[in-house]
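Let's work through a few exercises together. Take a look at the fold first, then try each task before reading its solution.

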Amino acid sequence: MEKILSVKNLTKKFKRVVVNNISFDVERGNVYGLLGPNGSGKSTTFGMLLSTINPTSGDWYWFGKKGTDPDTLKKIGAIIEQPNFYPYLSAETNLKIVAEIKEAPYERIDEVLKTVGLFERKKDTFKTFSLGMKQRLAIASAMLNNPEVMILDEPTNGLDPEGIIQIREIISSIAKQGITIIIASHLLDEIEKICSHVIVLKEGNAIYSGRVDEITNNQGYFELKADNNTLLLATLEELQWFTSVTLENDLIKAQIREDASISASGLNQKLAEKGIFLSHLTKKKLSLETQFLELVKNTNTHA
């Protein structure tokens with residue numbers, strides 16, 4: 001797929017190293033998450049990619065062109081800070097001002113307001129909006145110039161659960177239009193629900209870059225239960241398909257080996273041959289949170 005952004009050995013030092021020699025690629029049409037705790041270098045990385053912060057070293061290429069020039073910025077819609085609109089002007093009037101600055105047609109205003117669910121409130125003043133509505137208006141303003149890429153820095157920060165869900169749904173609808181999206185977040189749950197790819201930052205270092213569903217090679221695990229869990233536990237431990245078998249709250253958890261090839265139906269049949277009949281059997285993937293913590297732990301081990 002076409003690379004929209006390619007980052008090569010990007011570094012930024014202030015009094016300390018904030019971003020340390022990171023490299024990653026962003027392919028067109030995907031939703032990327034820049035994941036890491038506060039202070040891990042996410043906002044600084046965005047600042048460099050938008051040319052508001054000068055890098056110490058390294059390069060980046062937007063659409064195959066080195067750096068970020070004015071023509072490139074026209075292809076990018078970005079929300080880096082808290083929404084900043086005129087409080088006593090309506091949503092529509094505020095967007096007209098942004099449209100003038102971005103040289104975007106007024107015809108786009110109704111379209112983007114509908115995308116973010118604010119069309120019915122376009123005549124209302126900005127000061128009457130909730131935090132979630134203000135954030136949605138900011139997304140609308142970033143979409144005015146019909147960008148090829150959207151950059152969103154912590155778009156759900158401070159929102160209540162309903163607001164988070166609304167922003168998530170809006171981002172998904174924007175992605176379906178073919179717009180590439182890069183989101184910075186410290187929320188694992190948010191990245192897991194929205195993003196196809198993730199770049200994990202830890203203390204300025206990129207410790208993983210790739211698909212969310214491939215953050216580790218972990219195959220997942222089976223959850224099982226039988227009338228005789230003691231016999232089931234012993235039998236599973238004898239099989240060569242699992243790295244660990246544990247009993248947790250009356251359910252047995254069998255961690256699948258990376259090189260094992262076993263389906264739920266295959267396991268069920270094997271156990272039935274041994275006279276064990278299951279009352280519960282499901283195959284599950286480890287959550288991104290579990291995999292992320294394992295990834296961070298392994299990074300610490302190898303440090």
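**Exercise 1: Helices across a sheet**

Task: Across which strands does helix α6 lie, and at what angle does it run to β8?

Solution: In this predicted model, start with helix α6, residues 161-176. Helix α6 lies across β3, β7 and β8. Its direction is about 155° to that of β8. Next, look at helix α1, residues 42-49, which lies across β3, β7, β8 and β9. Helix α1 runs at about 145° to β8.

**Exercise 2: Order and edges**

Task: What is the order of the strands in the open sheet of six, and why is one side of β6 and of β10 left without a neighbour?

Solution: Trace the sheet in the order β6-β7-β8-β3-β9-β10; the pairing is mixed. Now check the two ends: β6 (76-79) and β10 (205-211) each have a single partner strand, so one side of each has no neighbour in the sheet. From one strand to the next, the twist averages 10°.

**Exercise 3: One pair of strands**

Task: Do β6 and β7 pair in the parallel or antiparallel sense, and over how many bridges?

Solution: First recall that strands of a sheet pair through backbone hydrogen bonds. Then find β7 at residues 149-153: β6 pairs with β7 in the parallel sense, over four bridges. For a closer look, find A78, which stands opposite I151 in β7.

**Exercise 4: The whole chain**

Task: How many helices and strands does the protein chain have, and what share of its residues count as buried?

Solution: Counting along the chain gives 10 helices and 14 strands. Buried here means under 20% relative accessible area. By that cut-off, 46% of the 303 residues are buried.

Conventions
Residues are numbered from 1 along each chain as its sequence is written. This is a predicted model: local features need pLDDT of at least 70, side-chain atom pairs count only at pLDDT 80 or more; totals for chains, interfaces and linings use all residues. Side-chain values use heavy atoms; hydrogens and water are left out. Two strands pair if DSSP finds at least two bridges between them. Axes are lines fitted to C-alpha atoms, for helices over the stretch in contact, and angles run from 0 to 180 degrees between N-to-C directions. Contact means heavy atoms within 4.5 Å. Buried means under 20% relative accessible area, exposed over 50%, partly exposed in between (1.4 Å probe, protein chains only).
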